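This report considers how aromatic rings and empty spaces are arranged in one protein chain. The structure is shown first, and the description follows.

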Amino acid sequence: MTTNSLVAELNAYHRWATEKVLKLCDGVSDEELDRQRPMGFGSLRATLFHLLAAERLWMDRWRGKEWAPLETDPAGISVAGLREAMLNANAERQALITEEEQTGFTRIVEYRNLQKVFFRHEIGDLLLHVENHAIHHRAQALNFLRHLGRTVAGGIDYLFYKIAFP
C-alpha cells in the first residue's frame, strides 16, 4: 500500500465510522446529549463537538492560518448540525488530500499547539494523527451511546469498514 492510498483509505474509513456514530445519535434528546458522565469531554455532545473542533483546528493549521484557541463550547449544536459540519470538514480534508497526493504528503507544516509551542511535521503524519485522534473519541462517544442502549451492529473497527467496502 502506498502512502497516497493509505491516507485516502484512512480518510474514507474516518468518514464512514464517524457517520455510523452520528447515525446512532439520531433521535437522542438534548438531555441525553448533555448527560454528564466521567469520560470523554463530559457529555456526548461535548465529545462529538471536540471531534469537530479538532478537525477545524487542524485544517486551519494545514492551510497556514494564524494560531487560534480550540473551540470548546458545544452549546446548542444539534446532531444534524454536527453531521453537516463533519461532512463539510471531511470534504475539505479530502480536497487537501487530493492536493497533497502530488507531493507524497511530505510538505512540512509549521504550527503552534494550544500552548503556543512551535512544531514542524510532515502533512502525512498530521493527517494520520487526526484519523487516530478521532478513533479515540469515537470510542468514547460509543460508550456514551451504549449507556443509552444504542450500539453499532458489527462495530466500527477498520475491518468492519473493509467488510462493508471490500
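By class, the residues lining the second largest pocket of this predicted model comprise four nonpolar, one polar and six charged. The lining is made up of Leu57, Asp60, Arg61, Gly64, Lys65, Glu66, Trp67, Ala68, Glu110, Tyr111 and Arg112, and the elements that give two or more residues to it are H3 and E1. The space in the second largest pocket comes to about 170 Å³. One of its lining residues, Trp67, has the charged end of Lys116 over its ring, 4.5 Å from the ring centre.

The largest pocket holds about 210 Å³ of space, and its lining divides into seven nonpolar residues, four polar and one charged. It is lined by His50, Ala54, Leu57, Trp58, Arg61, Leu70, Tyr111, Asn113, Leu114, Leu126, His129 and His133. H3 and helix H5 (123-147) are the elements that contribute two or more residues to this lining, with H3 supplying the largest share, five residues.

Which aromatic residue pairs edge-to-face with Trp58? The partner is Tyr111: the ring centres are 5.1 Å apart and the planes stand at 70°, so the pair counts as edge-to-face, the class for planes over 60 degrees apart. This contact links distant parts of the chain, since Trp58 belongs to helix H3 and Tyr111 to strand E1 (residues 108-112), 53 residues apart. Trp58 has a relative accessibility of 10% and therefore counts as buried, the limit being under 20%; Tyr111 is likewise buried, with a relative accessible area of 10%.

A search of the whole structure finds nine aromatic pairs. Among them is the pair of Trp58 and Trp62, which is tilted, with 6.2 Å from centre to centre and 35° between the planes. Both of these tryptophans lie in helix H3 (residues 44-62), four residues apart, about one turn of the helix, and both are buried. The surroundings of Trp58 also include a charge, as the charged end of Arg61 sits over the Trp58 ring, 4.4 Å from its centre. Elsewhere, ring pairs join Tyr13, Trp16, Tyr158, Tyr161 and Phe165 into a cluster.

Besides the pockets, the structure holds two cavities of 30 Å³ or more. The largest cavity is lined by His14, Arg15, Thr18, Glu19, Leu22, Glu55, Arg83, Met86, Leu87, Ala89, Asn90 and Arg93. Helix H1 (3-24) and helix H4 (79-100) each provide at least two of these residues, and H4 gives the most, with six. For the second largest cavity, the lining consists of Glu32, Arg35, Arg37, Leu44, Phe144 and Leu148.

The table sets out the volume and lining classes of the two cavities.

| Cavity | Volume | Nonpolar lining | Polar lining | Charged lining |
|---|---|---|---|---|
| Largest cavity | about 90 Å³ | four residues | three residues | five residues |
| Second largest cavity | about 40 Å³ | three residues | no residues | three residues |

Taken together, the descriptions of rings and pockets meet at Trp58 and Tyr111: these two residues form the edge-to-face pair, and both are included in the lining of the largest pocket. Tyr111 is also one of the residues lining the second largest pocket. Arg61, whose charged end sits over the ring of Trp58, is likewise found in the lining of the largest pocket and in that of the second largest pocket.

Methods
Residues numbered from 1 in each chain as written. Predicted model: local features only at pLDDT ≥ 70, side-chain atom pairs only at ≥ 80, totals over all residues. Heavy atoms only, no water. Phe/Tyr/Trp six-rings, centres within 6.5 Å; stacked < 30°, edge-to-face > 60°. Buried < 20%, exposed > 50% of the residue type's maximum accessible area, 1.4 Å probe, protein only. Lys NZ or Arg CZ within 6 Å of the ring centre and 35° of its normal. 1 Å grid on protein atoms, 1.4 Å probe; cavity = no way out; pocket = protein on both sides within 12 Å on 5 of 7 lines; lining within 4 Å. Points joined across faces, edges and corners; volume = space filled by probe spheres on them. Nonpolar A, V, L, I, M, F, W, Y, C, P; charged D, E, K, R; others polar.
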